[in-house]
Amino acid sequence: MSLDWTPARVPPRKTHDGATVRLEPLDPGRHAQALFAASHDDGAGELLFRHLPYGPFVDRDEFKAWLDERGASTDPLFFAIVDHESGSPQGVASFLRIAPEHGVIEIGHIWFAPALQRTRQATEAIFLMARHSFDDLGYRRLEWKCDALNEPSRRAAERFGFTFEGVFRQHMVVKGRNRDSAWFSILDGEWPRIRSAFEAWLAPENFDPDGRQRQSLSAVRDAISR
């Protein structure tokens, strides 16, 4: 089957601004100190980096050296996730395995500090990256991969609307142990419904005066599907 297909574009190094959060191209000079504190204070690093191939870091200097390498990379292309209210970076995410000729791009290297986890800001960060991938750059497949043992990441992928595609066995060796990888994706044909659910969930009227959601993202998406 032939496709009327125009290759997608490579994501530029630019800021993505949302209502509660913005994604800034990673700048070690501006972001390192706050990101280290957000990810390592009170022993958070042990859990935060458990399933990632790096971290936790011994000290700020080791973390800054790691961040310097990531800040210079174009694939993965790293962003700091900055909370609008506090102005402080609270996490990191990237575009990677960028294949514009095939229309495939992945979101990965995601870690959210405890203060960002399970928040409206965290959801909006993923939405901004997905929307940019499909609506601005013209990708037809957005991927999410994680350690098959990383249950929080697997739940997050499904909550965001990614479809589970299976487990790649013995996919990697990470920190001296085997890693099986769980694969998820969103396709361009699925994106309009998923985008509508994100937009409805993120709307101010979906939150009570204390900031609690009135409807879950999954419930909103299910309602749109009917």
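**Warm-up.** In which loop is Pro76 found? Pro76 is found in the loop between helix 3 and strand 3 (77–83). Helices (H or I, at least four residues) and strands (E, at least two) are DSSP runs, numbered from the N terminus. A cis peptide bond joins Asp75 and Pro76, with omega about 10 degrees.

**Ground rules.** This is a predicted model: local features need pLDDT of at least 70, side-chain atom pairs count only at pLDDT 80 or more, and totals for chains, interfaces and linings use all residues. Residues are numbered from 1 along each chain as its sequence is written, and side-chain values use heavy atoms, with hydrogens and water left out.

**Exercise 1. Classify the ring pair of Tyr54 and Trp66, then place it in the fold.**

Step 1. Start with the rule. Rings of Phe, Tyr and Trp (its six-membered ring) pair if their centres lie within 6.5 Å; planes under 30 degrees apart count as stacked, over 60 as edge-to-face and the rest as tilted. The structure holds 21 aromatic pairs.

Step 2. Apply the rule. The centres of the Tyr54 and Trp66 rings are 4.6 Å apart and the planes stand at 45 degrees, so the pair is tilted.

Step 3. Locate both residues. Tyr54 lies in the loop between helix 2 (44–48) and helix 3 (60–71), and Trp66 lies in helix 3, so the pair ties together parts that are 12 residues apart in sequence.

Step 4. Check burial. Buried means under 20% relative accessible area, exposed over 50%, partly exposed in between (1.4 Å probe, protein chains only). Tyr54 has a relative accessible area of 7%, so it is buried. Trp66 is at 7% relative accessibility and counts as buried.

Step 5. Set another pair beside it. Trp201 and Phe207 form an edge-to-face pair, 5.1 Å centre to centre with 80 degrees between the planes. Trp201 and Phe207 are both buried.

Step 6. Widen the view. Ring pairs link Phe36, Phe49, Tyr54, Phe57, Phe63, Trp66, Phe78 and Trp111 into a cluster.

**Exercise 2. Find the charged ends that sit over the rings of Tyr54 and Trp201.**

Step 1. State the test. A charge sits over a ring if NZ of Lys or CZ of Arg is within 6 Å of the ring centre and within 35 degrees of the ring normal.

Step 2. Take Tyr54. The charged end of Arg70 sits over its ring, 5.6 Å from the centre.

Step 3. Take Trp201. Here the charged end belongs to Arg159, 5.0 Å from the ring centre.

**Exercise 3. Describe how helix 1 packs on helix 3, and helix 4 on helix 6.**

Step 1. Choose the quantities. Two packed helices are described by the angle between their axes and the distance between the axes. Axes are lines fitted to C-alpha atoms, for helices over the stretch in contact, and angles run from 0 to 180 degrees between N-to-C directions.

Step 2. Read the helix 1 case. The axes of helix 1 (residues 28–40) and helix 3 come within 10 Å and cross at roughly 125 degrees.

Step 3. Name the arrangement. Angles under 35 degrees count as roughly parallel, over 145 as roughly antiparallel, 65 to 115 as roughly perpendicular and the rest as oblique. Helix 1 and helix 3 are therefore oblique to each other.

Step 4. Read the helix 4 case. Helix 4 (residues 120–136) and helix 6 (residues 191–202) pack at about 150 degrees, with axes 11 Å apart. That makes helix 4 roughly antiparallel to helix 6.

Step 5. List the contacts (heavy atoms within 4.5 Å). Helix 4 contributes residues including Phe127, Ala130 and Phe134, and helix 6 residues including Trp191, Phe198 and Trp201.

**Exercise 4. Work out the surroundings of Phe49.**

Step 1. Place Phe49. It lies in the loop between helix 2 and helix 3.

Step 2. Is Phe49 buried or exposed? At 0% relative accessibility, Phe49 counts as buried.

Step 3. Collect its contacts. Leaving aside neighbours within four places in sequence, Phe49 touches Ser39, His40, Tyr54, Gly55, Pro56, Phe57, Trp111 and Lys175.

Step 4. Look at the backbone there. A cis peptide bond joins Gly55 and Pro56, with omega about -10 degrees. Pro56 is in the loop between helix 2 and helix 3.

**Exercise 5. Compare the settings of Arg97 and Gln170.**

Step 1. Check phi. Arg97, a residue other than glycine, has a positive phi near 45 degrees. Gln170 is not a glycine either, and its positive phi is about 50 degrees.

Step 2. Place them. Arg97 lies in strand 4 (residues 89–99). Gln170 is in strand 7 (residues 163–174).

Step 3. Read accessibility. Arg97 is partly exposed at 48%, whereas Gln170 counts as exposed at 67%.
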